[in-house]
Amino acid sequence: MCGDFNRIIIQLSQHPVVNKSFSDLTCTECEQAYVLINELISLSVEEDYTLLDYIQMARLKYYLGELSRKIYSVKEDAALHYGSALHLLEKGGLDLSLKKWIELVSLRMEE
């Protein structure tokens, strides 16, 4: 299975999705990239020959959301991928709470 994972990584690295914006991709290119990324996610979850952390998995889920949005007219599928990406970011330690935003925002002070 490690060979499959490596093969898919190579295919994805040579795919237009890596170098083109989503708006410049054809529907066929989007569908191909969707299949490749979905396979990577499946292999990453099922096998122990790779260590993908939550942030890396969130990236893959985000791209599935973007591709799904472009390929399909059903927006719920894209929303599920985006939601999964946000959940993975939180599991990876990224605090997306409003409380954290308030802590980090810098207010402009009038002189």
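Helices H3 and H4 are roughly antiparallel to each other, because the angle between them is about 165 degrees and angles over 145 count as roughly antiparallel. The model in which this arrangement appears is a predicted one. In general, two packed helices are described by the angle between their axes and the distance between the axes. For H3 and H4, the axes lie 8 Å apart, and the crossing is left-handed.

The contact of H3 with H4 comprises eleven nonpolar, four polar and six charged residues. On the H3 side, the participants include Tyr54, Ile55, Met57, Ala58 and Leu64, together with charged residues such as Lys61, Glu66 and Arg69. From H4, the residues that meet them include Ala78, Tyr82, Ala85, Leu88 and Leu89, as well as Lys75, Asp77 and Lys91.

This helix pair belongs to a protein with five helices and zero strands, which gives the pattern α-α-α-α-α along the sequence. Of the 111 residues, 30% are buried.

The largest nonpolar core has 23 residues. Helices H1 (2-13), H2 (27-46), H3 (54-71) and H4 (75-91) are the elements that give two or more residues to this core, and H2 gives the most, with eight. Val17, Ile37 and Leu67 have the most contacts inside the core. Beyond its sequence neighbours up to four places away, Ile37 touches Leu12, Leu60, Tyr63, Leu64 and Leu67.

Contacts across the sequence complete the picture. Among those between residues at least 6 apart, 58% join residues at least 24 apart.

Technical notes
Residues numbered from 1 in each chain as written. Predicted model: local features only at pLDDT ≥ 70, side-chain atom pairs only at ≥ 80, totals over all residues. Heavy atoms only, no water. Core = buried A, V, L, I, M, F, W, Y, C linked by side-chain atoms within 4.5 Å. Buried < 20%, exposed > 50% of the residue type's maximum accessible area, 1.4 Å probe, protein only. Helix = DSSP H or I, 4+ residues; strand = E, 2+ residues; numbered from the N terminus. Contact = heavy atoms within 4.5 Å. Axes fitted to C-alpha atoms, helices over the stretch in contact; angles between N-to-C directions. Parallel < 35°, antiparallel > 145°, perpendicular 65-115°, else oblique. Left-handed = near helix turned anticlockwise from the far one by under 90°.
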